[in-house]
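Work through these exercises with the sequence and the model open. Try each task before reading its solution.

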Amino acid sequence: MTPRKVAIVGAGIIGCLIARELAAADETAEITVVDRDLAGSGATRRSAGLSLVKGATPQARQWSAASHRYYADLMAVHPYLPGYPVGARLILRDGTTPAEAGYLTADTERAQAGHWVLRDCHYADVYALTQAIAALARKRVRFLEGTKITGLTSAPGTLVLRTGAGDDLTADQVVLAPGPWLDEPAWRDLVRPLGLRVKKIVAMHLERQPAPGDELLILEEHDAFLVPLAHRGHWLFSYTRLEWDVDPEAIAAAPGLSREDIDQARACLGSHAPDLAGELSSGRVCADAYSRSRQPVIAPLDHEGRIVFAGAANGSGYRLAPAIARQAVDLLQQTWHDSLGQGATDDHQQV
Ligand SMILES: Cc1cc2nc3c(=O)[nH]c(=O)nc-3n(C[C@H](O)[C@H](O)[C@H](O)COP(=O)(O)OP(=O)(O)OC[C@H]3O[C@@H](n4cnc5c(N)ncnc54)[C@H](O)[C@@H]3O)c2cc1C
């Protein structure tokens, strides 16, 4: 039997982990990852990279816990990977318990009124980590960087991806892992029925040197956190920026902070630490895809399930990427085996 060809479009943390997991699940599959830029250069590059176990539903918590374990195992096997454990303090509105906020009770311990210690958190340099994952996968996976996909068509028995240079790449299965680039002409019509939207994400930098032992502070009420990025020598303040239906192209072309980005960040941090808020003036901007359910989406986009979407990480794509990859690989395996079964039935009927 000829090996199947699988093309993964998008070499962010999600596309790269799908490639890694698919290579492990199917030793013969010919896997190609295509990105218009270098691996990890999309939302992944700007990520704050915080990982902890949290979820609004049992399934979301289970995905989060599985992903967190995945990173722990990966970093234990490859200790040079850029993941950094950090102590954490959770600040909840009075009367709210960590379990009500979606955390695992076993991970938390009450410190004082409204304050809880949260165990087992880490942050990562997700850009460096993604490139390292790509480097590990390269033994089995072909990477086509600097290669934009401009068309996706279906021909009898195959899918054809057209590149910006005019080349055609054929595949039996295609995974679209485009992060916030939902509106690309090659797939916008396929993706539209998923009802996804793109939201701006901003994280500010606080130019203060973290001291050893400084803790991550989670302001649950504001869906915000302040994390010491010791490896970069400054703090990062992540807050909720409600600007919807943004164009990641426009953000990428002018990746600067707006006045509103800065003012909203200062207002948010100001309610807890007014002395620090005024110091927020630099940072990072990108966008992410969001689903209505606020759960990631792993779904077939065509009738036969040959094209699979994986993403809509709702601003949590680092901490959920391993679970998203697992679901995507399971779906690819299932639709591939179904298609082989279908072929066998057809042959039998012809005989
Ligand atoms: C400021 C910020 C802070 C964040 N903090 C956290 C955090 O603390 N924890 C957390 O879990 N998550 C965080 N996130 C979210 C997380 O970074 C994203 O959910 C995650 O990186 C999404 O990964 P992805 O692989 O889906 O997308 P991306 O990394 O955007 O990858 C998509 C890739 O597709 C490529 N592509 C697009 N169009 C084409 C095309 N036509 N042809 C070929 N390639 C194409 C792009 O070049 C890109 O590399 C943060 C995000 C931001 C912006």
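## Exercise 1: The shell around the ligand

Task: Find how many residues surround the ligand, and which are the closest.

Solution. This is a predicted model. Count the residues with a heavy atom within 4 Å of the ligand. There are 36 of them. Asp35, Thr44, Glu184, Asp288 and Arg319 are the closest.

Next, sort the shell by residue class. It holds 18 nonpolar, eleven polar and seven charged residues.

Then map the shell onto secondary structure. Three helices, α1 (13–25), α2 (43–46) and α9 (317–350), each supply at least two residues. The strands β12 (197–206) and β16 (282–290) also give at least two each.

Finally, map the shell onto domains. Domain 1 (1–82 + 125–195 + 294–351) contributes at least three residues. Domain 2 (85–122 + 197–290) also contributes at least three.

## Exercise 2: Polar contacts and cover

Task: For isoleucine 13, serine 47 and isoleucine 149, decide whether backbone or side chain faces the ligand atom in the polar contact.

Solution. The cut-off for a pair of N or O atoms is 3.5 Å. Take isoleucine 13: a polar backbone atom lies 3.4 Å from a ligand oxygen. Serine 47 uses an N or O atom of its side chain, 3.1 Å from an oxygen of the ligand. Isoleucine 149 uses a polar backbone atom, 2.9 Å from a ligand nitrogen. Now add the cover: on its own the ligand has 1000 Å² of accessible area, and the protein covers 98% of it.

## Exercise 3: The six-stranded sheet

Task: Give the strand order of the open six-stranded sheet, and say which strands stand at the edges.

Solution. Read the order across: β7-β2-β1-β11-β18-β17. The pairing is mixed. Now look at the ends. β7 (141–144) and β17 (297–300) each have a single partner strand, so one side of each lacks a neighbour in the sheet. From one strand to the next, the twist averages 15°.

Zoom in on one pair. β1 (residues 5–9) and β2 (residues 30–34) run parallel and are joined by five bridges. Valine 9 has valine 34 of β2 as its bridge partner.

## Exercise 4: A hairpin

Task: Work out how β5 and β6 run, parallel or antiparallel, and which residue between them takes a positive phi.

Solution. β5 (residues 108–112) and β6 (residues 115–124) run antiparallel, with four bridges between them. Threonine 108 sits opposite leucine 118 of β6. Two residues lie between the strands of this hairpin. Glycine 114 takes the positive phi, near 80°.

Key: Residues are numbered from 1 along each chain as its sequence is written. This is a predicted model: local features need pLDDT of at least 70, side-chain atom pairs count only at pLDDT 80 or more; totals for chains, interfaces and linings use all residues. Side-chain values use heavy atoms; hydrogens and water are left out. A residue is near a molecule or strand if one of its heavy atoms lies within 4 Å of it. A polar contact is a pair of N or O atoms within 3.5 Å; within protein, one must be able to donate a hydrogen and the other to accept it, and residues adjacent in sequence count only if both atoms are side-chain atoms. Accessible areas come from the Shrake-Rupley method with a 1.4 Å probe; for residues, only the protein chains shown count as cover. Ala, Val, Leu, Ile, Met, Phe, Trp, Tyr, Cys and Pro count as nonpolar, Asp, Glu, Lys and Arg as charged, and the others, Gly among them, as polar. Domain bounds come from an automatic or database domain assignment. Two strands pair if DSSP finds at least two bridges between them. Axes are lines fitted to C-alpha atoms, for helices over the stretch in contact, and angles run from 0 to 180 degrees between N-to-C directions.
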